[in-house]
Amino acid sequence: MNQRKKRVDLRKNRGTSPRQRNLKPLDEGQLEALSASERVSGKGDFSRKRTVVAASEAQIQQELQAGLLCPGRVLSPRGAGCLVDLGQGRMLECSVRQVLRDMAVDGRTVVAAGDRVLVRPSDDRQGVIERVEPRTGILARKIRERKHVLVANVDQVLIVGSAATPRLKPSLIDRYLISVLQGELQPVIVINKIDLVDLAELQPIVGIYAQLGYEVIPCSARTGQGLARLRHLLRGRATALAGQSGVGKSSLINSVEPGLNLRTLDVTEETGKGQHTTTSARLWPLTMGGWVVDTPGVRQLDLWDLTPGEIEGYFIEFHPHVRACRFANCTHIHERECGVKLAVARGQISRQRFASYCRIRQGDGDL
Ligand SMILES: Nc1nc2c(ncn2[C@@H]2O[C@H](COP(=O)(O)OP(=O)(O)OP(=O)(O)O)[C@@H](O)[C@H]2O)c(=O)[nH]1
Ligand SMILES: [Mg+2]
Ligand SMILES: [Zn+2]
């Protein structure tokens, strides 16, 4: 409970617009206060570095007005330089200012796809990222005990699975659902490759999620089925696609925006697994308006910053049954007189969702 509160407070701090605060130059005292309110962690010289950044804020505003600094959006954070779109067809390969890297010592991602940034152009091809604006909708996961932000500032996430090759993994959908809801994003469940199966086979699983109130789109990048609905959802919004390798994320983007020609590769026959064709998250503009972010398929999805007790909160259908549990701290796994288990036995909660819950609760990160 305590932890949750801390996180919310932190978001509030980050959400305050730096522009509003810095209309006029700040004096020393104000700078101190600013650095204190912006501090993300009290560790050592961390706050001093924050002050350095805050001290240049007024100057940043002047330079923005003079056109020496430009706002932009990070298309891709990888490669030799980070690719930033400044609008009107202007694109720069950027490095990241050292002070921003230093500030990321606590494991935060310095620059993520989708970040809104301020860039100082060096010439018409290159520049330096001077500031990363506070992020809103993020999709993150845990890699080696650190939070890795896959994409930032998106409105919704398509959780993509395939009806076959590779076979559909409902437990992975549930895991993604948690990470999308955690990032305060809108989830859409997409089941691709329906050309490979009998639609009737899919009905039960579509039913489970639709009944929970989630949008489910069965479709096929190959035949075009379901794509009209998908296009409608993507228009004018920033959308990330996430899911296992080989389910057809890049293929779906190609179908919606044929000019892009993203690389796709067959799923290997022996293992039935994708080949990890897409290797880093990248934003693509849509001609009908909006953005899509292609992300690499994952081998494992470890959830970030989730205490065991918080997991049940993301299984919304458990809520009405929890109050029937005998123990207030019931984990719904081994206890007697458990309202959730009773609801599973009565068919009020899907067995498959309950199985996902147990796996996640027991810390099984494998797909
Ligand atoms: N039958 C069928 N095959 C599809 C469909 N969509 C994609 N594929 C095939 O599935 C394979 C994998 O597609 P990709 O688009 O590369 O998959 P991805 O999700 O981007 O994979 P990663 O980049 O590795 O994460 C390719 O051979 C596609 O041609 C579909 O709707 N039906
Ligand atoms: Mg791909
Ligand atoms: Zn219980």
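The legends below describe close-up views of a predicted model.

**Figure 1. Overview of the chain in the predicted model.** The chain contains 14 helices and 13 strands. Of its 367 residues, 34% count as buried. Contacts that link distant parts of the sequence are well represented: among those between residues at least 6 apart, 64% join residues at least 24 apart.

**Figure 2. Helix H7 and the elements that cover its buried residues.** Helix H7 runs through residues 170–182, a total of 13 residues. From the first C-alpha to the last, H7 reaches 18 Å, close to the 18 Å expected at 1.5 Å a residue. The buried residues of H7 are Leu 172, Ile 173, Asp 174, Arg 175, Tyr 176, Leu 177, Ile 178, Ser 179 and Val 180. Their cover includes four strands, namely S6 (138–143), S8 (156–162), S9 (186–192) and S11 (238–242). Helix H14 (351–361) is also included in this cover.

**Figure 3. The loop that precedes H7, with a cis peptide bond between Thr 165 and Pro 166.** Thr 165 is placed in the loop between S8 and H7, and Pro 166 is found in that loop as well. The peptide bond joining Thr 165 and Pro 166 is cis, with omega at about -10 degrees. Thr 165 also has a positive phi, near 35 degrees, although it is a residue other than glycine. Most residues other than glycine have a negative phi, and most peptide bonds are trans. Thr 165 counts as partly exposed because it has 18 C-beta neighbours inside 10 Å, whereas a buried residue needs 20 or more.

**Figure 4. The loop that follows H7, with Glu 184.** Glu 184 follows H7 and is placed in the loop between H7 and S9. The phi of Glu 184 is near 60 degrees, a positive value in a residue other than glycine. Is Glu 184 buried or exposed? Glu 184 counts as exposed, because 10 C-beta neighbours lie inside 10 Å and the limit for an exposed residue is 12 or fewer.

**Figure 5. The largest nonpolar core, with 61 residues.** Within this core, Leu 139, Val 151, Ile 159 and Val 293 touch the most other members. Helix H7 provides the largest share of the core, six residues. Domain 1 (2–132) and domain 2 (153–294) both give residues to this core, so the core lies between them. In soluble globular proteins, nonpolar side chains tend to be buried together.

**Figure 6. The surroundings of Val 151 and a second core.** Apart from its neighbours within four places in sequence, Val 151 is in contact with Ala 112, Ala 113, Gly 114, Ile 138, Leu 139, Ala 240, Ala 281, Val 293 and Thr 295. A second, separate core has 11 residues, including Cys 325, Cys 338, Tyr 357 and Ile 360.

**Figure 7. The shell of residues around ligand 1.** Ligand 1 is surrounded by 25 residues. The closest of these are Gly 248, Ser 250, Thr 264, Thr 278 and Gly 297. Helix H10 (residues 249–256) supplies the largest share of the shell, three residues. By residue class, the shell divides into six nonpolar, 14 polar and five charged residues.

**Figure 8. Thr 268 in the loop between H10 and strand S12.** Strand S12 spans 282–285. Leaving aside its neighbours within four places in sequence, Thr 268 is in contact with Lys 273 and Gln 275. The C-alpha atoms of Thr 268 and Pro 166 are separated by 9.5 Å, while the two residues are 102 residues apart along the chain. Thr 268 is partly exposed, because 13 other C-beta atoms lie within 10 Å.

**Figure 9. Two partly exposed leucines, Leu 233 and Leu 342.** Leu 233 lies in helix H9 (residues 227–234). Its C-alpha atom is separated by 10.0 Å from that of Leu 158, 75 residues apart along the chain. Leu 233 is partly exposed, with 18 other C-beta atoms within 10 Å. Leu 342 is placed in helix H13 (residues 339–345). The C-alpha atoms of Leu 342 and Ala 324, 18 residues apart along the chain, are separated by 9.0 Å. With 15 C-beta neighbours inside 10 Å, Leu 342 counts as partly exposed.

Notes. Residues numbered from 1 in each chain as written. Chains lettered and ligands numbered in written order. Predicted model: local features only at pLDDT ≥ 70, side-chain atom pairs only at ≥ 80, totals over all residues. Helix = DSSP H or I, 4+ residues; strand = E, 2+ residues; numbered from the N terminus. Expected span 1.5 Å × (residues − 1). Contact = placed C-beta atoms within 7 Å. Near = placed C-beta within 6 Å. Nonpolar A, V, L, I, M, F, W, Y, C, P; charged D, E, K, R; others polar. Core = buried A, V, L, I, M, F, W, Y, C linked by C-beta atoms within 7 Å. Domains from an automatic or database assignment.
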